[in-house]
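User: I'm new to reading protein models and would like some help with this one. Could you walk me through it with questions and answers?

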Amino acid sequence: MRNKGKALLELSELTKKFGGLTAVNGFNLDISKNSITSLIGPNGAGKTTVFNLITGIYYPESGSITFNGQNLAGKEPYQVAEAGIARTFQTLRLFENLTCFENVLCGQHCRTYSGIISSILRTSAQKQEEIKVRAEAERCLKLTDMWEFRDEPAKNLPYGYRRRLEIARALATKPQLLVLDEPASGLNEKEALDLMVLIEKIRNSGVTILLIEHDMQVVMGISHWIAVMDNGKKISEGTPYEIQNDPKAIKAYLGTDDNDDFYGSEIAMAFNETKTVPEYKGGERVHGAS
Ligand SMILES: Nc1ncnc2c1ncn2[C@@H]1O[C@H](COP(=O)(O)OP(=O)(O)OP(=O)(O)O)[C@@H](O)[C@H]1O
Ligand SMILES: [Mg+2]
């Protein structure tokens, strides 16, 4: 069973070690163009490390990362951004004292060309670029329903809006692929549902989505394809319906040693709850929780 459609990103035999620990071990995954693909798995499975490999924060020991036919393994983060991949982080990384508008302007750094001299002289090319950059920031803030907060410093925003602002800033790099690391973390139920709507909206605007998320309502509600990771390896992949009914995926979340531990039981509940939320047919969502 494979993620249907043309692959925008192909991860092949990716391996990353930290000393004696193999955090990612021969990992393979195809991310189809225009899909929402989720990477799930218990804490420490290696999910964020996969994202850090894709976005150039770590170099893989071996394996390839092919994006639009170009191997990104070993590229620097700015080169990955230029190639068309943007990300958000598991823990928020905003410029707290800058306004929302300024935060999103900063996101466009990799798409601007004016140098120091033309900026000082305010050449017409530089002025044209500034107009474009501001228009793009406006587009991203409107897409994420953050426009009304444009003049508000990031530090004044409620948590849910701070998460949205990070997404707006990532979109400002005009990515083809947006990589989101636990965007629903810390959100209440209403904010998580709003986030699902936003992610679908971004996907509908032509951006492919790769998501790490522990909130099973979100994962099962919006994903076209799900890969399950445990101990650095992909142990399963399929449609949400297939994953919810896959004993390997459920076992990875429940664990084998102590089924009564808090985290395990919370995930077990999530698996059970989501059975009533989404309905899928052949990998396509028929109707869902958005
Ligand atoms: N920079 C690092 N140095 C050493 N070990 C690391 C480093 N980054 C990650 N690890 C280890 O690699 C393993 C995978 O970590 P990773 O952060 O990728 O997991 P994860 O699946 O994202 O977990 P979580 O769901 O808790 O965010 C863990 O054992 C972690 O402690
Ligand atoms: Mg992580």
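User: How do the residues of the shell around ligand 1 divide into nonpolar, polar and charged?
Analyst: Happy to help, and keep in mind that this is a predicted model. The shell includes Phe18, Leu21, Gly41, Asn43, Lys47 and Gln90. Sorted by type, the residues around ligand 1 come out as four nonpolar, seven polar and one charged.

User: Which element gives the most to the shell around ligand 1?
Analyst: Two elements each give two or more residues to this shell, namely strand E2 (21-32) and helix H1 (47-54). The top contributor gives three residues, and that element is H1.

User: Is H1 largely enclosed by the rest of the structure or left open, and why?
Analyst: Let's look at burial, where a residue counts as buried if 20 or more other C-beta atoms lie within 10 Å of its own. In H1 the buried residues include Lys47, Thr49, Phe51 and Ile54. Seven of its eight residues are buried, so H1 is largely enclosed by the rest of the structure.

User: Which residue just after H1 takes a positive phi?
Analyst: Step past the end of the helix and look at the backbone there. The phi angle is about 80°. The residue that takes it is glycine 56.

User: What is the order of the strands in the open sheet of six?
Analyst: The chain has 11 helices and 12 strands, and six strands form this open sheet, with mixed pairing. Strand E6 (85-88) and strand E10 (233-238) stand at the edges with a single partner strand each, so one side of each has no neighbour in the sheet. On average, neighbouring strands are turned by 20° against each other, direction ignored. Reading across, the order is E6-E7-E8-E3-E9-E10.

User: In E8, what is the bridge partner of leucine 39?
Analyst: Strands of a sheet pair through backbone hydrogen bonds, either parallel or antiparallel. Here strand E3 (residues 36-40) and strand E8 (residues 208-212) run parallel and are joined by four bridges. Within E8, leucine 39 is partnered by isoleucine 212.

User: At about what angle does helix H7 run to E8?
Analyst: Two helices are worth looking at here. H1 lies across E3, E6, strand E7 (177-181), E8 and strand E9 (225-230), and runs at about 145° to E7. Helix H7 (residues 189-204) lies across E3, E7 and E8, and its angle to E8 is about 150°.

User: How many residues of H6 are buried?
Analyst: Helix H6 (residues 159-171) has 13 residues and spans 19 Å from its first C-alpha to its last, close to the 18 Å expected. Its buried residues include Tyr161, Arg163, Glu166 and Leu171. H6 is largely enclosed by the rest of the structure, because the number of its residues that are buried is 10 of the 13.

User: Does glutamate 152 count as buried or partly exposed?
Analyst: Glutamate 152 sits in the loop between helix H5 (124-143) and H6. It has 15 C-beta neighbours inside 10 Å, and a residue needs 20 or more to be buried, while 12 or fewer would make it exposed. Glutamate 152 therefore counts as partly exposed.

User: How far apart in space are glutamate 152 and threonine 99?
Analyst: Leaving aside neighbours within four places in sequence, glutamate 152 is in contact with Thr99, Cys100 and Leu157. Threonine 99 is 53 residues away in sequence. From C-alpha to C-alpha, the distance in space is 5.0 Å.

Note on methods
Residues are numbered from 1 along each chain as its sequence is written. Chains are lettered from A and ligands numbered from 1 in the order in which they are written. This is a predicted model: local features need pLDDT of at least 70, side-chain atom pairs count only at pLDDT 80 or more; totals for chains, interfaces and linings use all residues. A residue is near a molecule or strand if its C-beta atom, placed from the backbone, lies within 6 Å of it. Ala, Val, Leu, Ile, Met, Phe, Trp, Tyr, Cys and Pro count as nonpolar, Asp, Glu, Lys and Arg as charged, and the others, Gly among them, as polar. The expected span of a helix is 1.5 Å times one less than its number of residues. Two strands pair if DSSP finds at least two bridges between them. Axes are lines fitted to C-alpha atoms, for helices over the stretch in contact, and angles run from 0 to 180 degrees between N-to-C directions. Two residues are in contact if their C-beta atoms, placed from the backbone, lie within 7 Å.
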